[in-house]
Amino acid sequence: MSPRRSYDQYCSAARALDAVGDRWTLLIVRELLAGPRRYTDLHADLPGVSTDVLASRLKGMERDGLTSRRRLPPPGAAFVYELTARGRELLPVLQALGAWGQGALGERRPTDAVRAHWFALPLLRVLEGEGLSGGLVEVRLDEGRFHLRVGAEKGAVYGDGPAPGEPDATLALDADTCTAISRGESAVADAVRDGRIEVGGDGPLAKALREA
């Protein structure tokens, strides 16, 4: 691994960038906010990163106390990477960065990769900003499914695929609606009322979404 680089500035922003300013680091954090991931899973959901760069970033993040690595018990017996408590503190940083970048998103380019769960953090930011009660939400897009843990204070805040167990609410919508909501161009309540979001479930969270 190459020697640690530093801005050598007595500034908290510079210190933060010493740890997370390298290309791919914050996107690795984005993936690990879904919980423990194997190296092969990370590589699959970070199209464009080389194996050498990914390995180097993971080592650096472990060195800086952002991630840890552990072996799963049999029959898994594979190593997984996960965020430490300090690494998870980067969630609001990613939320703010995503909000700032929404205006530059524009139309999807032919070369743009997409994963359904990449919509998770922007949507989570909006739902938590609505002051909704916490709960497990399954989101269904044409691109796939993911689930959110609204109000989670520890552990994973989202996950790829259907919700584990019975969700408190389900949301069926398209990517354009999800993007418009994330940009602040449409409120969740408005999208529910005009049928762009179909809400399912009988829990308090589903009821609050339908009645908002």
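Tutor: Helices here are DSSP runs of H or I with at least four residues, strands are runs of E with at least two, and both are numbered from the N terminus. The model is predicted, with local features requiring pLDDT of at least 70 and side-chain atom pairs counted only at pLDDT 80 or more, while totals for chains, interfaces and linings use all residues. Residues are numbered from 1 along each chain as its sequence is written, and side-chain values use heavy atoms, with hydrogens and water left out.

Student: By how many Å are the C-alpha atoms of Ala-99 and Gly-184 separated?
Tutor: Ala-99 belongs to helix 6, residues 91-101. Its relative accessibility is 35%, so it counts as partly exposed (between the limits for buried, under 20% relative accessible area, and exposed, over 50%, with a 1.4 Å probe and protein chains only). Although Ala-99 and Gly-184 are 85 residues apart along the chain, their C-alpha atoms are separated by 9.2 Å.

Student: Is Ser-182 buried or exposed?
Tutor: Ser-182 is part of helix 8, which spans residues 175-183. Beyond its neighbours within four places in sequence, Ser-182 is in contact (heavy atoms within 4.5 Å) with Gln-102, Pro-122, Leu-123, Arg-125 and Val-126. With a relative accessibility of 6%, Ser-182 counts as buried.

Student: Which residue offers the backbone oxygen that the side chain of His-147 reaches?
Tutor: His-147 is placed in strand 5, residues 144-150, and is buried at a relative accessible area of 8%. Its contacts, apart from neighbours within four places in sequence, include Val-137, Tyr-158 and Pro-162. A polar contact is a pair of N or O atoms within 3.5 Å; within protein, one must be able to donate a hydrogen and the other to accept it, and residues adjacent in sequence count only if both atoms are side-chain atoms. At 2.9 Å, the side chain of His-147 reaches the backbone oxygen of Gly-161.

Student: What is the bridge partner of Leu-171 in strand 8?
Tutor: Strands pair if DSSP finds at least two bridges between them. Strand 4 (residues 135-141) and strand 7 (residues 169-172) are parallel and share four bridges, with Val-137 partnered by Ala-169 in strand 7. Strand 7 is also joined by three bridges to strand 8 (residues 198-200), in the antiparallel sense. In strand 8, the partner of Leu-171 is Val-199.

Student: Which strands stand at the edges of the open sheet with the order 1-3-2?
Tutor: Strands of a sheet pair through backbone hydrogen bonds, either parallel or antiparallel. This open sheet has three strands in the order 1-3-2, with antiparallel pairing. Each edge strand has a single partner strand, so one side of each is left without a neighbour in the sheet; the edges are strand 1 (37-38) and strand 2 (67-71).

Student: Over the face of which residue does Arg-69 lie?
Tutor: Five bridges join strand 2 to strand 3 (residues 79-83) in the antiparallel sense, and Arg-69 stands opposite Tyr-81 in strand 3. A charge sits over a ring if NZ of Lys or CZ of Arg is within 6 Å of the ring centre and within 35 degrees of the ring normal. At 4.1 Å from the ring centre, Arg-69 lies over the face of Phe-79.

Student: At about what angle does helix 2 run to strand 3?
Tutor: Helix 2 (residues 25-32) lies across strand 1, strand 2 and strand 3. Seven of its eight residues are buried, and the buried residues of helix 1 pack against helix 2. Axes are lines fitted to C-alpha atoms, for helices over the stretch in contact, and angles run from 0 to 180 degrees between N-to-C directions. Relative to strand 3, helix 2 runs at about 100°.

Student: What is the omega of the cis peptide bond that joins Pro-74 and Pro-75?
Tutor: Most residues other than glycine have a negative phi, and most peptide bonds are trans. Pro-75 is found in the loop between strand 2 and strand 3. The bond between Pro-74 and Pro-75 is cis, with omega of about 5°.

Student: What is the positive phi of Trp-24, which is not a glycine?
Tutor: Asp-8, in the segment before helix 1 (12-20), is not a glycine yet has a positive phi of about 55°, and counts as exposed at 67% relative accessibility. Trp-24 lies in the loop between helix 1 and helix 2 and counts as buried at 15% relative accessibility. For Trp-24, phi is about 85°.
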